[in-house]
Amino acid sequence: MPKLVSKAPMHIETTIINYQIKLSMFKHIKSDIPASIVVFFVALPLCLGIALASGAPLFSGIIAGIIGGIVVGYLSGSKIGVSGPAAGLAAIVLTAITSLGSFENFLVAVVLGGIIQLIFGVLKAGIIGYYFPSSVIKGMLTGIGIIIILKQIPHFFGYNSSPDGDFSFFQLNGENTFSGILNAFEAISLGATIIGAIGLAILILWDKILSKKGKIFNIIQGPLVAVAVGIVYYIITQKNTSIGVNTDHLVSVPVPTDVSSFLAQFSFPNFSAISNPEVWIVAFTIALVASLETLLCVEASDKLDPNKNVTPTNKELLAQGTGNIISGLLGGLPITQVIVRSSANIQSGGKTKLATIIHGFLLLISVILIPKLLNKIPLSVLAAILLTVGYKLAKPSLFKKMYHLGWKQWIPFSVTVFGIVFTDLLVGIGLGLMVGVVVILIKSYQNSHFLHKEGGDINDGKIKMTLAEEVTFFNKGAILKELDQLPHNSYLELDVRNTRYLDNDIIEILDDFVYKAKMREITILLISERGSVVNPPSYLDFFKLRPLTA
């Protein structure tokens with residue numbers, strides 16, 4: 001009789017593995033907690049700024065940040081990626097709220113967009129993220145770093161005409177990135193500039209000197225000290241009109257007076273609008289753009305990760321879809337993984353997803369318990385934190401490195417940077433990707449074959465053409481050009497022994513060349529792994545009998 005094997009040991013082993021996975025989240029808690037605090041201070045103004053730029057209630061940005069941190073952070077396969085409301089969706093949200101008639105109608109599209117993202121994940125659409133060239137991803141990181149620096153300069157000097165989440169070159173207030181900087185220099189707020197400079201000095205001192213002096217300076221992060229000093233400065237100088245910080249240069253979190261007023265900040269979807277075709281169009285737009293931004297940020301954050309973890313992209317789409325469903329149901333903005341918060345997490349030493357989750361809880365707890373204290377934080381101090389994040393993304397040494405890698409890396413990189421700075425994130429990446437494809441086509445044109453001529457005179461010698469491992473329709477022009485330049489009475493040795501894939505378009509070119517070869521008395525020796533033949537009457541028939549496929 002067959003022996004009965006107990007399944008109990010397997011259950012025990014599975015339970016142990018699950019506990020080990022959960023315990024591993026707390027393995028680096030000493031690094032994750034300080035990192036989560038930094039991410040919290042970076043996320044807070046961005047959540048509010050993106051909501052303002054989107055024409056949505058301010059609290060909707062906070063909801064998206066909380067859900068992105070806690071829910072998406074827990075479900076995601078990324079250890080260092082941080083999700084929340086994205087600047088790239090602000091223009092879409094602003095237009096959609098107007099076209100759909102109300103924010104509640106728009107929330108239906110957010111929920112449906114999340115469901116569509118779940119479908120993308122099930123269909124394994126996350127693989128798209130692996131097809132973006134490294135030069136474009138690096139250009140994206142650098143471009144975002146430059147944008148962060150340029151956009152935070154006005155806030156650093158106390159000029160806050162544009163919300164923190166407005167990352168487009170042409171701003172919602174009618175200015176552009178550079179005119180905003182010029183106007184900031186004409187309307188400098190002394191108090192905001194002083195505490196911004198103090199905050200920046202603290203951050204540099206902490207990063208360059210104090211962090212190397214002792215563990216306490218790694219546990220207590222510079223951004224926390226800078227924010228604390230900023231709050232103290234505001235309280236001490238608030239009655240001084242010359243060096244005080246104006247109230248419009250402070251964080252502005254909604255302050256509920258009681259439980260009912262807090263709950264009143266939540267909005268809920270109007271599902272009666274689900275039959276509106278425009279709602280479905282907006283839902284698909286949100287799903288596509290949010291998924292693309294997420295996949296790009298996953299690739300970028302994985303490149304920044306010092307531990308070189310690889311995020312499962314399909315799992316990430318499932319996590320993002322779940323997050324968007326919950327965010328939409330609670331009145332939040334659409335969510336994506338965002339590189340600004342993710343890079344801040346990495347730069348601050350975040351090791352596991354615990355940092356992301358804790359930052360979400362910090363957002364939740366702070367808006368419930370200490371909204372008045374948050375509203376004493378000068379925006380110029382938060383701008384100083386973002387300036388350091390931006391500089392680390394766009395270090396001058398990276399430009400030098402990319403230039404020395406050659407034009408094939410430099411051109412897509414620089415076009416992506418230029419596009420992001422002067423348009424927006426998706427347009428810049430699209431331009432970089434187009435240039436990257438053109439570079440691939442050029443190199444494919446150049447590397448389709450190798451031509452070797454034997455003998456002193458081309459008419460007396462033998463010409464050997466060796467085709468590449470894969471030859472596609474991209475190579476038609478290069479091969480056709482070489483065949484047309486063959487002289488009369490020449491001898492061509494066509495070697496396809498290393499070719500594993502030969503496109504039908506190339507076979508047709510060779511077949512068409514049979515007639516020209518006879519007219520010009522060109523002898524062709526075709527060499528393949530399956531045999532050799534002189535002047536084959538039909539290449540189509542030859543490769544049909546002996547197909548070259550990958």
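**Cavities, pockets and ring pairs**

By class, the residues around the largest cavity come out as four nonpolar, eight polar and four charged. The model is a predicted one, and this cavity has a volume of about 100 Å³. Its lining counts 16 residues, with Lys151, Pro154, His155, Ser162 and Gln171 nearest the centre. Helix H6 gives the largest share, four residues, and H6 and helix H7 (177-186) each put in at least two.

In total, two cavities of 30 Å³ or more turn up in the structure. The second largest has a volume of about 30 Å³. Around it sit Gly68, Val72, Gly73, Ser76, Gly81, Val82, Ser83, Glu316, Gln337 and Thr356. That lining splits into two nonpolar, seven polar and one charged, and helix H3 makes the largest contribution to it, with three residues.

Turning to the pockets, the largest has a volume of about 1,100 Å³. It is lined by 40 residues, and the ones closest to its centre are Asp207, Gln347, Ser348, Thr388 and Lys392. Helix H17 (residues 379-393) gives the most to this lining, seven residues. By class, the lining has 19 nonpolar, 12 polar and nine charged residues.

The second largest pocket holds about 520 Å³ of space. Ala87, Gly88, Phe167, Ser168 and Leu425 lie nearest its centre, out of 30 lining residues. Several helices give two or more residues each: H2 (29-53), H4 (90-100), H6 (134-156), H12 (277-304), H14 (339-347) and H20 (425-446). Of these, H4 brings the largest share, at four residues. Here the lining divides into 23 nonpolar, three polar and four charged residues.

Helix H15 (residues 354-369) is worth a look too. With 16 residues at 1.5 Å a residue, H15 should span 22 Å, and its end C-alpha atoms are indeed 22 Å apart, so the two values agree. Buried residues in H15 are Leu354, Ala355, Thr356, Ile357, Ile358, His359, Gly360, Leu363, Ser366 and Val367. Thr356 also belongs to the lining of the second largest cavity. The cover over the buried residues of H15 includes H2, helix H3 (58-75), strand S1 (83-85), H14 and helix H16 (371-374).

As for the aromatic rings, the count comes to 16 pairs. Phenylalanine 40 and phenylalanine 41 make a tilted pair, 5.1 Å centre to centre with 55° between the planes. Phenylalanine 40 has a relative accessible area of 7%, so it falls under the 20% cut-off and is buried. Phenylalanine 41 is also at 7% relative accessibility and therefore counts as buried.

Phenylalanine 169 and phenylalanine 178 pair edge-to-face, with 5.8 Å from centre to centre and 65° between the planes. The edge-to-face label applies because 65° is over the 60 degrees required. Phenylalanine 169 counts as buried because its relative accessibility is 8%, whereas phenylalanine 178, at 34%, counts as partly exposed. Both rings belong to a cluster in which ring pairs link Phe169, Phe170, Phe178, Phe418 and Phe422.

Technical notes: Residues numbered from 1 in each chain as written. Predicted model: local features only at pLDDT ≥ 70, side-chain atom pairs only at ≥ 80, totals over all residues. Heavy atoms only, no water. 1 Å grid on protein atoms, 1.4 Å probe; cavity = no way out; pocket = protein on both sides within 12 Å on 5 of 7 lines; lining within 4 Å. Points joined across faces, edges and corners; volume = space filled by probe spheres on them. Nonpolar A, V, L, I, M, F, W, Y, C, P; charged D, E, K, R; others polar. Expected span 1.5 Å × (residues − 1). Buried < 20%, exposed > 50% of the residue type's maximum accessible area, 1.4 Å probe, protein only. Contact = heavy atoms within 4.5 Å. Phe/Tyr/Trp six-rings, centres within 6.5 Å; stacked < 30°, edge-to-face > 60°.
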